[in-house]
2 protein chains.
Amino acid sequence: MKKQALGPCVTFFPQPATLIATRNAVGQSNLMMASWAGIVSKTPPTMGVSLHESRQTLANVRETGCFSVNVVPVGLVDAADFCGIFSGSDVDKPAAAGLHVNDSDKGVPLLTESPLAVECRFSREIELGDYRLILGEIIDVLADVAAFGPDGAGKALAFDPLVYLGGLKEYWSLGSKQGDAYRCGLKYRK
Amino acid sequence: MKKQALGPCVTFFPQPATLIATRNAVGQSNLMMASWAGIVSKTPPTMGVSLHESRQTLANVRETGCFSVNVVPVGLVDAADFCGIFSGSDVDKPAAAGLHVNDSDKGVPLLTESPLAVECRFSREIELGDYRLILGEIIDVLADVAAFGPDGAGKALAFDPLVYLGGLKEYWSLGSKQGDAYRCGLKYRK
């Protein structure tokens, strides 16, 4: 396979397409599209989200000490993209995009329309150039009841998560299941 | 939408399916499946990978100061899964799974069969319980020439990246394109 060098850039995929839900000190909600988000530890369960230092979401997390990472379903692709283009300091993004934020029983703002929300308590901030890696201890994960089958297993296409291709700047849906983790590779065991 | 609480766990998706390529101090190659990997900064371009402290890959990164994050194409799902189940301290995973590691002209080990490899210089390690978040400055990104169209644009289905659904423990392919980032959301602009 012949390869070409793209240089030191941030082209990498697939990435999750998420909306980070926060409130500012006076309770106004905000939603920010983020694809630089993921699990960073299981002990304790911890989520990492990297944000530009200028983001309203970062100010909100510092002020209120909590946030949620909400999986975006395919049907909300346009609304989520809107929440990545504009800043919450300029526009009421949930209202403009027809999205809603409600608070969990632990007081963490959540995207009402998300099938999978990770509730986080802000625990640490790491400076990386103009970006800040925000770490949040996961205090709960809330999932759409309708996305689970009668066997209790979550159904991928019921969650219908949007996939972001960083560098290509494209959003994609899931296609077909290719294998079960920790199982399909066992065939290579000697 | 009625939601159920899954508790403080690490169920979150979509995630990238990657193979981390490293060598130990005497040059033996290793490949580790990782889905807790992603971009954390653009200034400088930085990749973050979270690993259990017991991993051979972590020892290799500390010893040699470099690693690469390689996107797994759908066709390698079984081989990649194998590289997530077993440890490089017990088995020569590349050989067992029929995969190959070659060095870039900067001396960074790469998965030969990957259509998109992010070359990293180890820059920082952050302790998170039993896990270590490894940060690497991105020194180059290498992409399969055949995955670019005549217009110079990367074609998602030519890269054919595998998507991991953490919590569901399933691997999926991409389905269909849903929108262009920074464009499809403009319809909500007032």
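Select Leu142(A) to begin: leaving out residues up to four places away in sequence, Leu142(A) touches Ser104(A), Leu110(A), Ala117(A), Glu119(A), Lys3(B) and Ala5(B), where contact requires that the C-beta atoms of two residues, placed from the backbone, lie within 7 Å. The model is a predicted one, in which local features need pLDDT of at least 70 and side-chain atom pairs count only at pLDDT 80 or more, while totals for chains, interfaces and linings use all residues. Residues are numbered from 1 along each chain as its sequence is written, and chains are lettered from A and ligands numbered from 1 in the order in which they are written.

Stay on Leu142(A) for a moment, which is placed in strand β11 (residues 131–144) of chain A; here helices (H or I, at least four residues) and strands (E, at least two) are DSSP runs, numbered from the N terminus. Leu142(A) counts as buried because it has 22 C-beta neighbours inside 10 Å, the scale being that a residue is buried if 20 or more other C-beta atoms lie within 10 Å of its own, exposed if 12 or fewer, and partly exposed in between, with C-beta atoms placed from the backbone. If Ser87(A) is selected as well, the two residues prove to be 55 residues apart in sequence and 26 Å apart in space, C-alpha to C-alpha.

Next, select strand β1 (residues 3–5) of chain A with strand β11 (residues 131–144) of chain B, which pair in the antiparallel sense over three bridges; two strands count as paired if DSSP finds at least two bridges between them. Within this pairing, Gln4(A) has Ala143(B) in β11(B) as its bridge partner.

Now show both chains together. Chain B is superposed on chain A by a rotation of 180° with 0.0 Å of shift along its axis, at an RMSD of 0.0 Å, the fit being by least squares on the C-alpha atoms of residues with pLDDT of at least 70 in both copies. That is the relation of a two-fold axis, and in chain B the C-alpha nearest the axis belongs to Gly175(B), 1.7 Å from it. The same surface serves both copies, since 100% of the contact residues of chain B recur in chain A.

Colour the contact itself, which takes 84 residues from chain B and 84 residues from chain A. On the side of chain B that touches chain A, strand β13 (residues 170–180) of chain B gives the most, with eleven residues. That side has 49 nonpolar, 21 polar and 14 charged residues, where Ala, Val, Leu, Ile, Met, Phe, Trp, Tyr, Cys and Pro count as nonpolar, Asp, Glu, Lys and Arg as charged, and the others, Gly among them, as polar.

From β13, extend the selection to the open sheet of six strands, whose order is β2(A)-β12(A)-β13(A)-β13(B)-β12(B)-β2(B), with antiparallel pairing. β2 (12–16) of chain A and β2 (12–16) of chain B stand at the edges, each with a single partner strand, so one side of each is left without a neighbour in the sheet. At the chain A edge, three bridges join β2(A) to strand β12 (residues 163–166) of chain A, and Phe12(A) stands opposite Gly166(A) in β12(A).

Remain on β2 of chain A to find Pro14(A), which follows a cis peptide bond from Phe13(A), with omega near 0°. Another cis peptide bond joins Thr43(A) and Pro44(A), with omega about -5°, and Pro44(A) is found in the loop between β5 (37–42) and β6 (45–52) of chain A.

Then select helix α2 (residues 77–85) of chain A, whose buried residues are Val77(A), Ala79(A), Ala80(A), Asp81(A), Phe82(A) and Cys83(A). Their cover includes β3 (18–23), β4 (29–34), α3 (93–97) and β13 (170–180) of chain A together with β13 of chain B. Ala80(A) also appears among the residues with the most contacts inside the largest nonpolar core, which has 120 residues; such a core is a set of buried Ala, Val, Leu, Ile, Met, Phe, Trp, Tyr and Cys residues joined through C-beta atoms within 7 Å.

Finish in chain B with Lys169(B), in the loop between β12 (163–166) and β13 of chain B, which has a positive phi of about 55° although it is not a glycine. Lys169(B) counts as partly exposed, with 16 C-beta neighbours inside 10 Å.
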